[in-house]
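Dear colleague,

I am handing over the structure below, and after it I set out what was found in one of its sheets and among its cysteines. Please keep the structure open while you read.

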Amino acid sequence: MHLFYILLFLVLPTFIESRQQDISLNEETPIGTIIFDLNTLSSSSITYQLLESSSLISFNSTTNLISISKRIDRDTLCPYDDTCSKCQITMKFYDMFYYDILLLIFNINDINDNPPIFSSNTYSISLTENNIPGIKIRLSKAEDIDCDINGVQLYELTYVLHGHVMISSINLLHKQQNQTINQPFYLFYDTNFDLYLIINQTLDRELQNEYIFTITANDYSHTISSKLTLTVLDVNDHIAHFSQSIYSINISYSTLPGTNLLKLTAYDPDLEHNARIYYSLLSIDGTNNKNDLFQINSHTGELRLISNLTQLESKHIFKLIIGASDGTNNAIPALATVYINIIQQSIITITFGSNRISKNASEVFIEENLPNSTFIAYITSDKNLQILPEGIHQGFFIQKLSENSLTLLTDRSYDREKQSSYDVFIRSGDNERNFRIIVTDINDCRPIWNTSLLNLNIHSQLMILTLNATDYDDGNNGKIGYRRKGYMWPEWIQLIENKLIINCTNETDNNCWKNLLNKDIFIDIEAYDYGKPELSSVMKIRLYRSSTRLMFIKYEYIIVSIACLLGILFVLFMICLCICYRKKSSKKMKEIMDDNSTKQKIIQTSSSEQSSSAGSLYGSEKSDNITLETAASCHLDMFLFSPKRTAMVTDTTYPYTFLNKSSINQTDNLTNKLFHSIQNDLSLLTDTKQDVITNQGTYV
């Protein structure tokens, strides 16, 4: 039976029609994602038999769902499809309902998931000076395995020329090259898709012997850079020159043969063998005959006495013509004249210590920071010696051994940055000699910045900051380089030599303004020297954008002002509320006081009325509890609220005794009489109404 189905599936394609369904699918879609539902092809439930498939895609025959089972990488699946024209995965099904073949073709779309890559981070090329402008140097392109549309779209060349930063770029997507063809260096992209560096000027090694280029490739999602170093090779395009055209020296007849009289120096701005100088003695006193008195070293330029002068006592001066050339054929030599004066003088002998001295003993080199009293020289003469200058600040002191001998010692620890040389003059009779103490440098000064924190307002799209640290050392000890400190540098900030480039012009990079909008950016730049040991110092740069900060400050001021105004209004409202409450309270107290005074008047009035009617009341034989209680209550209330009287409990037989609070006025006599009569009546009723009176008194 299985064999039958197999034969059926093999035979069916020859005569069964097929239908096709194209489906678009992006690479790197997560595994397990459902990419197609076969149930959408028909409203009824249809059974499909899978005929052909790929291991990257799985089919569930129960649910008719197709999902991704493995990672789909278009760059691996179709590595040579640069144009993204065709990269497909095909699935073939047999439809059990319609009895036909269903083809599902998944077209794999490319995404920009791979960055460009240069084959090397650094390149070096060489070119001789005096070149013809327009030379093309082919460069290595950045490779991107994505499709062309997601590949490299922009190349940018950045370099420094005469202290200015130059930028040249090519947009491959729009086939546009910026207007940089008049620059000394620019990029060129030809029809064969090759990248070139065009040298558009004549190079001169003596002006600049090296150029450093930064080549940046961008695919609108990723950026990568490579450094290209162009070294300018030397050609012999300069002749030799003497540092001075006339020299004059004094010697004595007693000068010993083999003494170095003078060292001549010529220079050539060319390099290496093109700058190699050859010296020659052309003539003595106008004749070019061979002589046995003087000789010059053809390589070093040292002029030496080779014979004794004692037999030439009648000769007082020699005129020598010295030539210097760079050794090329038919080169025109540079000329210098040397006058040698022979004088009668005493002999001064100078013996230097272990310090380095020049060939003609005119200079002695002493390293700075050596301890005080370092030995300089031992000096002797056949006559009295005198050392000049004299004083306490000449840089040395004399330790005299005898009238004709002494030693010269340093009087301080030399600091080259304060004073780099000291002159010593020696006089003995008519003879004078001199030499110079040269303080040699050691790396004891680190680079110095003008400030430790530099605040930089980013107000334009391209800003170039020239770094300028200072080092007071000499030579390589004072030569300064600059480098990044730390790793958290934004991509839009570059450091090329001593130029800090803040480039926000890249049309594909908006992180510059976004970063500055969120917060200030701090970067560290380290200035270092080339001495041993290396010394360095760090400057911090704060990058900010003032317009954004002012906007935030303005909003903050508005919010604070509104809060202060609301606070003031709240305080005023509470003050008004308190004032109103106090007014209401005082008004209410006044009403209560008015009510009390009214009640007092009513009580006084009612008491007088009751007093007048007391006689009739008590004169009658009516003595029931109600009448007595009312009368007692009225009198008690009257005396209770009276401001002039109080009720006091006494030890008398009467339950209540009414006493005056103060002396009785004449106007109150009638009232007092009435009170006494009431007291007498109460005493008569004590026996019969004792319980009632007692209870009422207790109540009060």
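In β23, residue L303 is the bridge partner of I296, and this pair is a good place to begin, bearing in mind that the model is a predicted one. The strands β22 and β23, the latter covering residues 302-305, run antiparallel and are joined by 3 bridges. They belong to an open sheet of 3 strands, in the order β19-β23-β22, with antiparallel pairing. Because β19 (260-263) and β22 (294-296) each have a single partner strand, they stand at the edges, and one side of each is left without a neighbour in the sheet. On average, and with direction ignored, neighbouring strands of this sheet are turned by 20° against each other.

Turning to the cysteines, the count comes to 2 disulfides. One of them joins C78 to C87, with 2.1 Å from S to S, and this link is right-handed, with 85° about the S-S bond; both C78 and C87 are buried. Another disulfide joins C504 to C512, where the S to S distance is 1.8 Å. C504 is buried, with a relative accessible area of 6%, and C512 is buried as well, with a relative accessible area of 2%.

Why does C576 form no bond with C580? The closest cysteine sulfur to that of C576 is in C580, and because it lies 6.6 Å away, it is too far for a bond. C576 is partly exposed, with a relative accessible area of 45%, and C564, at 44% relative accessibility, also counts as partly exposed.

With kind regards

Definitions and conventions:
Residues are numbered from 1 along each chain as its sequence is written. This is a predicted model: local features need pLDDT of at least 70, side-chain atom pairs count only at pLDDT 80 or more; totals for chains, interfaces and linings use all residues. Side-chain values use heavy atoms; hydrogens and water are left out. Two strands pair if DSSP finds at least two bridges between them. Helices (H or I, at least four residues) and strands (E, at least two) are DSSP runs, numbered from the N terminus. Axes are lines fitted to C-alpha atoms, for helices over the stretch in contact, and angles run from 0 to 180 degrees between N-to-C directions. A disulfide is a pair of cysteine sulfur atoms within 2.5 Å. Buried means under 20% relative accessible area, exposed over 50%, partly exposed in between (1.4 Å probe, protein chains only).
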